[in-house]
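Open the model in a viewer and keep the selection box at hand. The stops below go from one selection to the next.

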Amino acid sequence: MTLRLFNTLSREVEPFTPLAPPRVALYTCGPTVWNYAHIGNFRTFVFEDVLRRYLEYAGHEVVHVMNLTDVDDRTIKAAGTAGVPLATHTARYVDAFFEDCDYLRLERATHYPRATAHIAQMVALVARLLERGVAYRGEDGSVYFAIDRFPAYGRLSRVERRDLKAGARVSSDEYAKEDARDFVLWKAARPEDEQAGAAWDAPFGRGRPGWHLECSAMSQHYLGDTLDIHAGGVDLIFPHHEDEIAQSEAATGRPFVRYWVHGEFLLVEGTKMSKRYGNFLTVRDLREDGWNAAALRYLFASTQYRKQLNFTDEALKAADAGTQRLAEVRRRLAASPPGAGTPFGPLAAELGHAFTAAMDDDLDTPRALAALMDFVRAANAVLDTGGGEAGDRAQALAALDGAAGVLQVLGAEAQTLRVSADAVLRSPPGPAGSALEPPRPGQDVAAWATSMAGERQAARMRKDWPRADLARKLLAEQGFEVRDTRDGVELLPRKRPAT
Ligand SMILES: [Zn+2]
């Protein structure tokens, strides 16, 4: 079996083969850095991350480009409202975006080109389109793409050709299907653009690029004329991706994208997210509420990317419980002594097969999660009977880490340990005076942390505050923050510094 993906262009699930294996050229539309991205945006970015990680899991070498739109209608307007230069305004949200990416464990793209750093490539692309006669300069000084000069226009979004209003023009970056007109490539500079520092010289007049142009110019610069996969949210199919195709193919005469892959919307408590409904959620809201990113990724994975996902607090709690079960079985596997019972080998093989079969089927992540949970049940049953040989255990851990790593629903350094009050009381190992030490090389960190939480609790009961404080410090050095709860102690992963 090989990976099969739903291609929006053909509206069919097709086997995926890269143009020049093992390299896969992947382009994903990045954030418009005018404000914080919301979790709907991040559902798309997480689905793209899962796609990329699965391609790598399957042995491909992915060159991944994600653009940062730091000049368009919205960024300029937001900078104007804030009364700061465009670059100052967007820098803040670029930083915020990367913080959110790190929290959500998104693998860094190979390149993150910024639109304002690639104006020369955009000017060259407009010049080429003018030369080829598919673009023209309007009387307003802006340059437009003539959709009646590109017969394939509308193929991706299946907009009716008779609805195309050739010759009529639209200059905003976003517009509806009913408004399929000649679209803007290069916008003549307005006073507010000059004021924001968002205007550049070009042979066809001073101005700035349209949003669609940015992706065509930068994808070509980094990945060449033909991309293997172009991904984004369904809301980008029209006009953004339709216009990207028109610009790129009219300029190069070659197919622009071989597989168009689109992720569906996220709803919050059953409605479309909007500031107006007060259900506008950002990733930092969830982070500040103390949610582990694995829970959010588990929740996202529980719905296939082509279906709408309903985000609810209940669903997030259930997802969090799932990540705990995975973390727990991993701890048990890593810590258990070799036994002579049932070997883990067949369980590892079964997980590998079931996971691959699910993911090959158009990234069926709900089924992939089910495979992981089947493994959890089976492995726990073996562990309960004290079974498993050392070699088999390593195999089981590798299978678990491989599958859970693609989805990022578990992670040693980011897991929350919940230690019950009972376990805390049972676990202080040494006498009161024994030295507290960091984990030895090779020691299971989770087991060490549990005993250290016990040490801290025992010291507190004796009112030995310096010792309790030392235990807390040692835990902090290992990345754990201690939180006392009614039921015991929680060891929370501390934020890792941004890289
Ligand atoms: Zn784009």
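Before selecting anything, note that this is a predicted model.

**Stop 1: the zinc site**

Select the zinc ion together with C29, C215, H240 and E244. These four residues coordinate the metal through SG of C29, SG of C215, NE2 of H240 and an OE atom of E244, at 2.0 to 2.6 Å. Along the sequence, the donors follow the spacing C-x185-C-x24-H-x3-E. Angles among the four donor atoms run from 72 to 133 degrees, and the site is classed as irregular. The lower end of that range explains the label, because a tetrahedral site would need all angles between 85 and 135 degrees.

Now extend the selection to helix α7, residues 237-252. H240 and E244 are four residues apart in α7, so about one helical turn separates them. Are these two donors buried or exposed? H240 has 1% relative accessibility and therefore counts as buried. E244, at 0%, counts as buried too.

**Stop 2: the largest pocket**

Select H38, N41, R74, E174 and D235. Of the 41 residues that line the largest pocket, these are the closest to its centre. The volume of this pocket is about 1,100 Å³.

Next, colour the elements that contribute to the wall. At least two lining residues come from each of α1 (39-57), α3 (86-103), β10 (227-233) and α7. Helix α7 is also the helix that holds the zinc donors H240 and E244. Which element gives the largest share of the lining? That is α1, with five residues. Colouring the lining by class gives 21 nonpolar, twelve polar and eight charged residues.

**Stop 3: the largest cavity**

How many cavities of 30 Å³ or more does the structure hold? There are four. The largest cavity has a volume of about 140 Å³. To find this cavity, select F47, V50, F300, A301 and T365, which lie nearest its centre among 13 lining residues. The elements giving two or more residues to this lining are α1 and α9 (293-301).

Keep α1 highlighted here. Helix α1 supplies the largest share of the cavity lining, four residues, and also the largest share of the lining of the largest pocket. By class, the cavity lining consists of eight nonpolar, three polar and two charged residues.

**Stop 4: the hairpin of β1 and β2**

Select residues 4-7 and 12-15. These are strands β1 and β2, which run antiparallel and are joined by four bridges. For a reference point across the pair, label F6, which stands opposite V13 in β2. Then move to the turn: four residues lie between the strands, and R11 takes a positive phi near 60 degrees.

**Stop 5: a three-stranded sheet**

Finish with strands β12, β13 and β14. They form an open sheet in the order β13-β12-β14, with mixed pairing. The edge strands are β13 (271-272) and β14 (309-311), each pairing on one side only. Zoom in on β12, residues 266-268, which runs antiparallel to β13 and is joined to it by two bridges. What is the bridge partner of L267 in β13? Select K272 to see that partner. With the backbone shown, hydrogen bonds are the contacts to look for, since strands of a sheet pair through them, either parallel or antiparallel.

Conventions
Residues are numbered from 1 along each chain as its sequence is written. This is a predicted model: local features need pLDDT of at least 70, side-chain atom pairs count only at pLDDT 80 or more; totals for chains, interfaces and linings use all residues. Side-chain values use heavy atoms; hydrogens and water are left out. Two strands pair if DSSP finds at least two bridges between them. Donors are N, O and S atoms within 2.8 Å of the metal (3.2 Å for Na, K and Ca); water is not among the atoms, so sites may look incomplete. Four donors count as tetrahedral if all angles lie between 85 and 135 degrees; four count as square planar and six as octahedral if opposite donors are over 155 degrees apart and all others between 65 and 115; anything else is irregular. Buried means under 20% relative accessible area, exposed over 50%, partly exposed in between (1.4 Å probe, protein chains only). On a 1 Å grid over the protein atoms alone, a cavity is a set of points where a 1.4 Å probe fits but cannot get out, and a pocket is an open set with protein on both sides within 12 Å along at least five of seven lines; lining residues have an atom within 4 Å of a point. Grid points are joined across faces, edges and corners, and a volume is the space filled by probe spheres set on the points. Ala, Val, Leu, Ile, Met, Phe, Trp, Tyr, Cys and Pro count as nonpolar, Asp, Glu, Lys and Arg as charged, and the others, Gly among them, as polar.
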